[in-house]
Amino acid sequence: MIQSIKIEGLFNKFNYDIKLKEEGLTILTGPNGYGKTTILKVLYSIASRQLYSIQNGRWQNTYTGKLIIR
């Protein structure tokens, strides 16, 4: 199970370190344009094992930093 996701450099300005709860829900909140949907798409790509969608440049315009999954 994924315990946390750390994203550095989302849109070249946001850094996130999100702890995912083992039980219950983890809720992402924030203003428009802060990357909530992009973070969910990254998590979906990992969960569905479609890592090629991250590696092949699909996120190139949005994400130029580091992605760390624990």
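Strands E1 and E2 form a hairpin with 3 residues between them, and phenylalanine 11 in the turn adopts a positive phi of about 55°. Helices (H or I, at least four residues) and strands (E, at least two) are DSSP runs, numbered from the N terminus. The model is predicted: local features require pLDDT of at least 70, side-chain atom pairs count only at pLDDT 80 or more, and totals for chains, interfaces and linings use all residues. Residues are numbered from 1 along each chain as its sequence is written, and side-chain values use heavy atoms, with hydrogens and water left out.

Within the hairpin, E1 (residues 4-10) and E2 (residues 14-19) pair in the antiparallel sense over 6 bridges, where pairing requires that DSSP find at least two bridges between two strands. Isoleucine 5 has isoleucine 18 of E2 as its bridge partner.

The protein as a whole has 2 helices and 3 strands, and the order of its elements from the N terminus is β-β-α-α-β. Of the 70 residues in the protein, 27% are buried; buried denotes under 20% relative accessible area, exposed over 50%, and partly exposed the range in between (1.4 Å probe, protein chains only). The exposed area of the protein is about 5200 Å², of which carbon and sulfur atoms supply 50%. Accessible areas come from the Shrake-Rupley method with a 1.4 Å probe, and for residues only the protein chains shown count as cover. Among contacts (heavy atoms within 4.5 Å) between residues at least 6 apart in sequence, 45% join residues at least 24 apart.

Helix H1 comprises 12 residues and spans 17 Å from its first C-alpha to its last, close to the 16 Å expected at 1.5 Å a residue. The expected span is 1.5 Å times one less than the number of residues in the helix. Thr38, Ile39, Val42, Leu43, Ser45 and Ile46 of H1 are buried. Seen down the helix axis, the buried residues of H1 fall within an arc of 160° and therefore line one face of the helix, the arc being that of the directions from the axis to the C-beta atoms. On the other side of H1, Thr37, Tyr44 and Ala47 are exposed. Just after H1, arginine 49 takes a positive phi of about 60°.

Isoleucine 39, located in H1 (residues 36-47), is buried at a relative accessible area of 3%. With residues up to four places away in sequence not counted, isoleucine 39 touches Ile7, Leu10, Tyr16, Ile18 and Leu28. The C-alpha atoms of isoleucine 39 and isoleucine 5 are separated by 9.0 Å, although these residues lie 34 residues apart along the chain.

Side chains of opposite charge can pair when their charged atoms come close. A salt bridge is defined here as a side-chain nitrogen of Lys or Arg within 4 Å of a carboxyl oxygen of Asp or Glu, and this rule yields 2 salt bridges. One joins the side chains of glutamate 8 and lysine 6, with an N to O distance of 3.5 Å. Glutamate 8 is partly exposed, with a relative accessible area of 22%, and lysine 6 is likewise partly exposed, at 25%. Lysine 19 forms a salt bridge with aspartate 17, in which the closest N and O atoms are 3.2 Å apart. Lysine 19 counts as exposed at 52% relative accessibility, whereas aspartate 17 is partly exposed at 42%.
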